[in-house]
Amino acid sequence: MAVLLRGTSAAAAATAGPSSALLATTFCRARGCGRLLPAAPRLQRAFAARASAQPLEVCAKESITVPGHLGDCPFTQRVLLTIEEKHLPYDLKLINLANKPDWLFEINPEGKVPIVKLEEKWIADSDVITQTLEEKYPEPPLATPPDKASVGSKIFSTFIGFLKSKDPSDGTEQALLDELTLFDSHLKDNGPFVNGGAISAADLSLGPKLYHMEIALGHYKNWSVPDSLSHVKQYMKSIFSMDSFAKTQALQEDVIAGWRPKVMG
């Protein structure tokens, strides 16, 4: 098994202690994002300091179809999008979840990913991770106002219900359409993003879930978002075309394979 750490030769990485039990790939970040940011001197200084700082350590699911590639977890992508949009350097270590190393349970007893190491402390759960990142690195701000934070939050669960359904008349498709219609109305009045003209945490959470929805429902049910929901379709196009999204998205074949147990179960 190989470890590739940023700024470390492959030979040195191979003897890097507990991490050598981990199949890992490092992606050097803290550059470019999918939106324009103000070039204020304060932000420039902050970004310059971050670029030279010790990179965050991020453990994530490895692809089950292409070894050495990021896996298909939308919650991991949410974390990586936040890190990207905050212009933070990080080392991404990919874990084969079918063969978890013992040390993973030492830093997270549940053995789950994503987990991020911040100031010598490992943090689990994408909600906690992203909130911690927002508090520690407030620029650029990504927090979504409380009155908009739950916009689109029911789309993912209704997507899963429809995906798992084997009865065309059970109402699961309509439930998803109802949630997408509500979201379309919100975007029409408040868009192009959840909080208006700027990307916020709600978008970074919802975007990966919509990506999974598009791929999984397209593959297993030959279904796509209706053209009548034009604001949702444009929203998805905008989110998916972000530089940070392209860097952190899962392979389509991984998304399809990842949802197969739900469909076949």
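These exercises work through the cores, pockets and cavity of one predicted model.

Residues are numbered from 1 along each chain as its sequence is written, and side-chain values use heavy atoms, with hydrogens and water left out. In this predicted model local features need pLDDT of at least 70, side-chain atom pairs count only at pLDDT 80 or more, and totals for chains, interfaces and linings use all residues.

**Exercise 1.** State how many helices and strands the chain has, and what share of its residues is buried.

Solution. Step 1: helices (H or I, at least four residues) and strands (E, at least two) are DSSP runs, numbered from the N terminus. The chain holds 11 helices and four strands. Step 2: buried means under 20% relative accessible area, with a 1.4 Å probe and protein chains only. Of the 265 residues in the chain, 49% are buried.

**Exercise 2.** Describe the largest nonpolar core and name the helix that gives it the largest share.

Solution. Step 1: a nonpolar core is a set of buried Ala, Val, Leu, Ile, Met, Phe, Trp, Tyr and Cys residues joined through side-chain atoms within 4.5 Å. Step 2: the largest one has 42 residues, and Phe159, Phe183 and Met213 touch the most other members. Step 3: α6 (155-164), α7 (172-190), α8 (201-221), α9 (230-240) and α11 (252-264) each give two or more residues to this core. The largest share, 10 residues, comes from α8. Step 4: take Met213 as a case. Leaving out residues up to four places away in sequence, Met213 has contacts (heavy atoms within 4.5 Å) with residues including Ile155, Phe159, Leu180 and Met236. Step 5: another core, of 17 residues, lies apart from the largest, with Val79, Leu88, Ile123 and Leu133 among its members.

**Exercise 3.** Describe the largest pocket and its lining.

Solution. Step 1: on a 1 Å grid over the protein atoms alone, a pocket is an open set of points with protein on both sides within 12 Å along at least five of seven lines, lining residues have an atom within 4 Å of a point, and a cavity is a set of points where a 1.4 Å probe fits but cannot get out. Step 2: the largest pocket holds about 440 Å³ of space. Step 3: its lining has 22 residues, and Arg78, Ala149, Ala201, Ala202 and Ser205 lie nearest its centre. Step 4: α8 supplies the largest share of this lining, six residues.

**Exercise 4.** State how many cavities of 30 Å³ or more the structure holds, and which residues line the largest.

Solution. Step 1: there is one such cavity. Step 2: residues lining the largest cavity include Leu70, Cys73, Tyr211, His212 and Gln249.

Definitions and conventions
Buried means under 20% relative accessible area, exposed over 50%, partly exposed in between (1.4 Å probe, protein chains only). Grid points are joined across faces, edges and corners, and a volume is the space filled by probe spheres set on the points.
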